[in-house]
Amino acid sequence: MVVPLSFGIVRLMPSSLIKLPRTINPLYLYTRVPLSIFRNGSIRFGPIFQASLHSSSTRDSRPAQVSFDQSEIVFIGTGTSEGIPRVSCLTNPNKTCPVCFKAAEPGSRNKRLNTSLLVRLPRPLGECNILIDAGKFFYHSALRWFPAYGIRTIDAVIITHSHADAIGGLDDLRDWTNNVQPSVPIYTALRDFEVMNKTHYYLVDKSGVTPGAAVSDLQFNIIQEEPFLVHDLQFIPLPVWHGRGYRSLGFRFGNICYISDVSEIPEDTYPLLENCGILILDALRPDRSSSTHFGLPKALEEVRKIRPKRTLFTGMMHLMDHDEVNSNLVKLKETEGLDVQLSYDGLRVPVSL
Ligand SMILES: [Zn+2]
Ligand SMILES: [Zn+2]
């Protein structure tokens with residue numbers, strides 16, 4: 001299927017303010033005119049920003065690391081907003097939650113931090129790392145997996161939606177932009193950018209930051225619900241509902257479809273899921289859906305409808321015991337030919353991109 005490419009851009013520019021009304025006509029962004037939107041509602045025009053694949057300083061600072069010539073996805077986090085184990089379960093005198101106690105043991109696959117995925121692409125000048133979401137626990141996830149897997153740079157971050165478990169780690173990117181690379185391009189829908197403009201106002205408009213304070217240097221790129229390129233890899237947004245009236249984006253890249261936060265898939269999105277090789281899908285709890293997330297029964301219903309070659313569930317809460325649920329899911333291969341499993345933090349899957 002040929003899909004037209006549209007690419008709106010927001011970039012902060014240091015001069016030439018043009019005041020426009022607070023309300024921004026979304027159609028304006030379809031003109032491909034580069035914009036900068038500020039907290040006071042003003043907009044600046046500036047030259048088109050293209051995120052560089054790798055800055056020279058990035059390459060220079062790259063240490064010897066594990067080399068690989070195969071693309072892969074790494075599950076940086078596969079859990080709910082509060083993380084697993086829950087503190088409240090570990091402090092409960094009645095010890096009613098076996099999964100959280102298991103999760104507290106070293107190496108447990110029940111230990112899950114905020115949902116996030118890293119796409120690693122081999123490139124002639126070094127690997128390119130594209131992160132989907134950086135939530136509240138991003139620092140802790142990165143601490144766990146980046147050194148272990150030899151991951152150095154963050155060459156882009158794509159945002160699914162603006163809940164805290166998807167954007168809460170934007171401040172943590174300061175370690176990269178201060179010590180690894182000049183900046184991190186962020187790809188986000190306008191509605192989520194507007195949220196960041198409140199939650200992370202000092203990263204959107206750095207004019208109020210105390211001189212010398214080394215906050216994250218982020219470059220915001222506004223995406224539409226149309227395909228866009230990040231470092232030559234095409235991402236197709238998969239618009240879904242994440243609670244009534246609240247939009248979240250999944251993303252398709254190659255034959256991989258990633259939908260981390262969903263309560264309903266609109267009919268228009270299903271054609272984008274055809275011929276899916278790996279489906280990564282939200283499955284919050286074993287028994288039922290919530291108002292904002294698929295439960296396992298609904299997620300399996302969607303798998304039967306979408307028919308991917310392989311499915312890995314993500315976004316699991318503490319009621320989902322990794323081994324127990326997976327031992328039940330594996331039976332579906334025999335009975336229905338479905339290859340479905342729970343993912344886990346740190347899971348690496350080689351892919352062709
Ligand atoms: Zn628990
Ligand atoms: Zn959410």
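This note goes through the two sheets of a predicted model and the helices that pack on them.

1. The sheet that contains S4 is open and has 7 strands, which follow one another in the order S9-S8-S7-S6-S5-S4-S17, with mixed pairing. Its edges are taken by strand S9 (218–223) and strand S17 (348–350), and because each of these has a single partner strand, one side of each is left without a neighbour in the sheet. Between neighbouring strands of this sheet the turn is 20° on average, with direction ignored.

2. Within that sheet, strand S7 (residues 156–158) and strand S8 (residues 184–189) run parallel and are joined by 2 bridges. Across this pair, Val157 is placed opposite Ile186 in S8.

3. Helix H4, which spans residues 138–149, packs on the sheet by touching strand S4 (72–77) and strand S5 (116–121), and the direction of the helix makes about 145° with that of S4. Helix H7, spanning residues 190–199, also packs on this sheet, where the strands touched are S8 and S9, and the direction of H7 makes about 120° with that of S8.

4. The sheet that contains S14 is likewise open, with 7 strands in the order S10-S11-S12-S13-S14-S15-S16 and with mixed pairing. Strand S10 (228–230) and strand S16 (340–342) form the edges here, and since each pairs with a single partner strand, one side of each is left without a neighbour in the sheet. From one strand to the next, the twist in this sheet averages 25°.

5. Strand S14 (residues 278–282) and strand S15 (residues 310–314) run parallel, and 5 bridges join them. A reader who wishes to follow this pairing in the structure may look at Ile280, which stands opposite Leu312 in S15.

6. Helix H9, formed by residues 296–306, packs on this sheet and touches S14, S15 and S16, while its direction makes about 155° with that of S14. Which residues of H9 are buried? They are Leu296, Lys298, Ala299, Leu300, Glu302 and Val303, so that the list includes Lys298 and Glu302 alongside Leu296, Ala299, Leu300 and Val303. As to where these buried residues of H9 pack, their partners are S14, S15 and S16. In an α-helix there are 3.6 residues a turn, so residues three or four places apart point the same way.

7. Just after H9 the backbone has a feature that deserves mention, in that Arg307 takes a positive phi of about 55°.

Methods: Residues are numbered from 1 along each chain as its sequence is written. Chains are lettered from A and ligands numbered from 1 in the order in which they are written. This is a predicted model: local features need pLDDT of at least 70, side-chain atom pairs count only at pLDDT 80 or more; totals for chains, interfaces and linings use all residues. Two strands pair if DSSP finds at least two bridges between them. Helices (H or I, at least four residues) and strands (E, at least two) are DSSP runs, numbered from the N terminus. Axes are lines fitted to C-alpha atoms, for helices over the stretch in contact, and angles run from 0 to 180 degrees between N-to-C directions. Two residues are in contact if their C-beta atoms, placed from the backbone, lie within 7 Å. A residue is buried if 20 or more other C-beta atoms lie within 10 Å of its own, exposed if 12 or fewer, and partly exposed in between; C-beta atoms are placed from the backbone.
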